[in-house]
Amino acid sequence: MPTIQTITIIPSLPERLKPLMTIARNLWWTWTPEAIHLFQDMDRDVWERCRHNPVSLLGTIEQPRLEQLERDDIFLARMEKVQRELDRYIKAQTWYKKISKKGDDGIIAYFSAEFGLHESLPLYSGGLGILAGDHMKSASDLGLPLIGIGLLYKHGYFQQYLNPDGWQLEIYPSNDFYNMPVSLVRDKNGDPLTVQVELEGRVVHIRAWSLNVGRVIIYMMDTDVPLNSRLDRQITSYLYGGSLETRLQQEIVLGMGGIKLITALDTWPSVCHMNEGHSAFMALERIRQIMHKDGLPYDVALEAVRATSIFTTHTPVPAGIDRFPPEMIRRYFTGLADEMGIGIDSFLGLGRINPGDQVEEFCMAVLAINMASQTNGVSKLHGEVTQKMWGGIWPQIPRHEIPITHITNGVHTLGWLSSEMSLLYERYLGSRWIDEPTNYSIWKRIEQIPDFELWRSKERLRERLISFARERLRKQLRTKGAPSYQMKQADEVLDPEALTIGFARRFATYKRSTLLFRDLARLSRILSNEERPVQLIFSGKAHPRDKFGKELIHKVVQMANNPEFRKHIVFIENYDIEVARYLVQGVDVWLNTPRRPMEASGTSGMKVPANGGINLSILDGWWCEGYKGNNGWAIGAGEEYEDSEYQDEVESRLLYELLENTVIPLFFDRSAHGVPHGWVEMIKNSIQTVCPYFNTNRMVEEYASQFYLSNISKWHLFAKDNWKEARKLSRWKTDVSEVWHKVKILDLQVPINGSPKVGDRLPIKIVLDLGGLDPEEVRVEAYIGRLDDKGEIPEGHPLPMLPIKEQQKTGGSVFEGTLLCLSSGRIGFTIRCYPFQKALSHKFELGLLTWWEAER
């Protein structure tokens, strides 16, 4: 039936309990155990039915229970304590206030297609969203002036269930925004705030919601607005769902709509951070608004936007990047390209590795790179992979100098920490570790925890995981209509005393979830050893269109249903934050078997050490940096293979050998009191080495110190005096680009008498025709390195050459330098030059580079 009028009914809380709604509407509670327990103790059954959503809890719990709690002095005292702690947290002095200087005021806008904050907010699919959520929580802890920009999906990502044969199926329940901790953003008149974007000539209306995450606000947008057409209302229905065109529309709403929303809030971002390329269209909307607001030409507005935009890529393979056909981009953006005065062909070039290739698709990652002053991968290895992946944008630049860096991911430790370990840390580390999670000296106190006490805490966590897994298995069987004998068997799976190995992540082929199943006889001997029992718990989803990923899940489930393995292998359906929390807190070993170097970072393993677990992983992603030899185990030594079948055979054998000869014996080597002291020592080493570094407080501090603060300063510098510096830089780039073809390396002089010895200094003199440029506008370098078998320099390093006043008869400019012979062997060198200006974000920003080799 058609709706005549809509009414929003809010919970009716007794006056003394109203602080509960304030707490419930700030996700600070999700990493505060006292707040979690407060809601949980109101009504545990309702808490579970509401999927741990306190807003829904407060609207569902029966009135007599609320009245009872209003008279409960102990509950009220607990509530007031939590409220005071939230107030203290919001008002406390923060890291950012301590390190920022006058003039560092500005707004950082963080754009992400998904945010994984809590299981009660199913607006995420996996690692990208979890990372974004943890980024927000640490930004709050550190007090950054940051806002999040995302989409509020009506159905979010799918919920997984398996048919009786073990094949993944998907359902998409609707999210009830009015029973979630999000609030409609309203304008000055109290009406819902909306903004509009244009899609193929029609206007699409966007509604805005806000979500409090500690000190930080995330603004989320949805198009399910009555003013929109039926199809446009569905743009924000599904995360990563729908057609390619729907994906383009979502990314326009996220990027361009996000900037429009920020301006509608009467603010303006000094810095914009793109978490993956989905939001890259935001740069175009920033450019358009600056052009309109201040009457700037496109080139000047581009300089202002590029200098204050950051792009973080999480994708190690080209297939994972969004690309759109040129004709689709023409349909959606010809009007904007004409409005900006660049034309659609130049517009398309912004998203192409080769701008002149009319057939190349429009790539969102390339657009983001071209619109950002800094691009980074999410681990050291991934930074190198990303340099190789996008090297075509800078064809003249050696791969290791490609202007892409890395900031290794982390996790928000408090959000993933068990109550048991939290109490243990409070007892032996004090409370400072919460405010200073990157302080190595505090984590060294882990040594003071008695082995017996740490081990008992870990045993309790394992027992809790086993209870959870059994309950979920019973629920899964009940849903499938399983007979009673199978329900009874669910109570017998898994052993609370067994070495428990967890594997939970997206089921993609490169993650090799079934690597342990290559030799079933050997696996059977490992799992069925009564004296040293071992068990495996799996969980994870495959993308709905990933047939091969679904086949991997099917294989795991078939193994778990095999009578030989039934008690030792469990697959938990519908992997989400709640399942992840139980797993990372309860497992003894976290297994990770990606095909190197296809794991960009991986953060699931970072959550395990704080809870007393240990990593067993291929040296890929973050584990290349995290593995220290005494804090976990590495499968292999970082080899990369061309033959994947051979790789699987080699690395599966290495995995079996590690388990049989190292991991399992260490776990079951017990003292007279039943404590595995060698294992506990490994736990302590893992905590001390992983926790202080692989956390999002350290990560966000690095983003702030390396990117945010400098970009805020750049924004203020450029915007001052009617964009004087931005105009100056744009004009300089144009002038240099017009004359650079005239720059020639005329002569190279390196006087060598005999064979140089180690310690000798070789003078180098270069003569250049600068094409009318000033010597200060050019950087000249000798590029030096060892020669490979081909007589080339694979990874050289630059030696700066300085201009001197000597003038050549040819009119050339002279640059000199000295080559220091540091070691013996064959070395080679060449000469290169490129334009230079202090205002450039990196030295190859113009992409102009002249090499001596090309001039000979």
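Which right-handed unit do strand 15, helix 23 and strand 16 make? Select residues 499–504, 520–527 and 534–539 in this predicted model, and the answer is a right-handed β-α-β unit, made by strand 15, helix 23 and strand 16.

**Strand 16 and its neighbours**

Keep strand 16 (residues 534–539) selected and colour it by accessibility: six of its six residues are buried, and the strand is mostly covered. Its side chains divide between two directions, with Val534, Leu536 and Phe538 pointing one way and Gln535, Ile537 and Ser539 pointing the other way, and all of them are buried. Now add strand 15 (residues 499–504), which pairs with strand 16 in the parallel sense over six bridges; within this pairing, Ile501 stands opposite Leu536. Then add strand 17 (residues 569–572), which also pairs with strand 16 in the parallel sense, here over four bridges, and in which Ile569 is the bridge partner of Leu536. Leu536 is therefore a convenient residue to centre on, and it belongs to a strand that takes part in a further right-handed β-α-β unit, made by strand 16, helix 24 (residues 547–561) and strand 17.**Aromatic pairs**

Next, show the rings of the aromatic residues; the structure holds 38 aromatic pairs. Start with Trp29 and Phe39, whose ring centres are 5.9 Å apart and whose planes stand at 80°, so the pair is edge-to-face. This pair links distant parts of the chain, 10 residues apart, with Trp29 in the loop between helix 1 (19–24) and helix 2 (33–40) and Phe39 in helix 2 itself. Both Trp29 and Phe39 are buried.

Move on to Phe503 and Phe507, where the ring centres lie 6.2 Å apart and the planes are at 75°, so this pair is edge-to-face. Phe503 counts as buried at 2% relative accessibility, and Phe507 is buried with a relative accessible area of 1%. To see rings joined into a cluster, select Trp455, Trp633, Phe667, Phe668 and Trp679, which are linked by ring pairs.

**Charges over rings**

With the rings still displayed, add the side chains of Lys607 and Arg698. Lys607 lies over the face of Trp416, at 4.5 Å from the ring centre, while the charged end of Arg698 sits over the ring of Tyr693, 4.1 Å from its centre.

**Asn611 and its surroundings**

Stay with Trp416 and bring in Asn611, which is found in the loop between strand 18 (589–592) and strand 19 (614–618). Is Asn611 buried or exposed? Asn611 has a relative accessible area of 0% and is buried. Its side chain reaches the backbone oxygen of Trp416 at 3.0 Å, and a polar atom of that side chain lies 2.9 Å from the backbone nitrogen of Ser418. Once residues up to four places away in sequence are set aside, Asn611 touches Trp416, Leu417, Ser418, Met421, Lys458, Leu461, Val584 and Gln585.

The loop between strand 18 and strand 19 also holds Pro597, and it is worth inspecting the peptide bond from Arg596 to Pro597, which is cis, with omega near 5°.

**Helix 10 and helix 12**

Select Arg247 in helix 10 (residues 244–264). Arg247 counts as buried, at 16% relative accessibility, and, leaving aside neighbours within four places in sequence, it is in contact with Tyr240, His278, Asp322 and Phe324.

Then turn to helix 12 (residues 298–307), where nine of the 10 residues are buried, so the helix is largely enclosed by the rest of the structure. The buried residues are Tyr298, Val300, Ala301, Leu302, Glu303, Ala304, Val305, Arg306 and Ala307. To display what they pack against, select helix 11 (281–294), strand 10 (309–312), helix 13 (326–340), helix 15 (364–370) and helix 29 (696–739).

**Last stop: helix 29**

Which residues of helix 29 deserve a look at their backbone angles? Asp721 lies in helix 29 and has a positive phi of about 55° although it is not a glycine; with a relative accessible area of 55%, Asp721 is exposed. Asn722, found in helix 29 as well, has a positive phi of about 55° and is likewise not a glycine, but Asn722 is partly exposed, with a relative accessible area of 48%.

Methods. Residues numbered from 1 in each chain as written. Predicted model: local features only at pLDDT ≥ 70, side-chain atom pairs only at ≥ 80, totals over all residues. Heavy atoms only, no water. Phe/Tyr/Trp six-rings, centres within 6.5 Å; stacked < 30°, edge-to-face > 60°. Buried < 20%, exposed > 50% of the residue type's maximum accessible area, 1.4 Å probe, protein only. Lys NZ or Arg CZ within 6 Å of the ring centre and 35° of its normal. Contact = heavy atoms within 4.5 Å. Pairing = 2+ DSSP bridges. Right-handed = clockwise from strand over helix to strand, strands pointing away. Polar contact = N/O pair within 3.5 Å; in protein donor to acceptor, adjacent residues only side chain to side chain.
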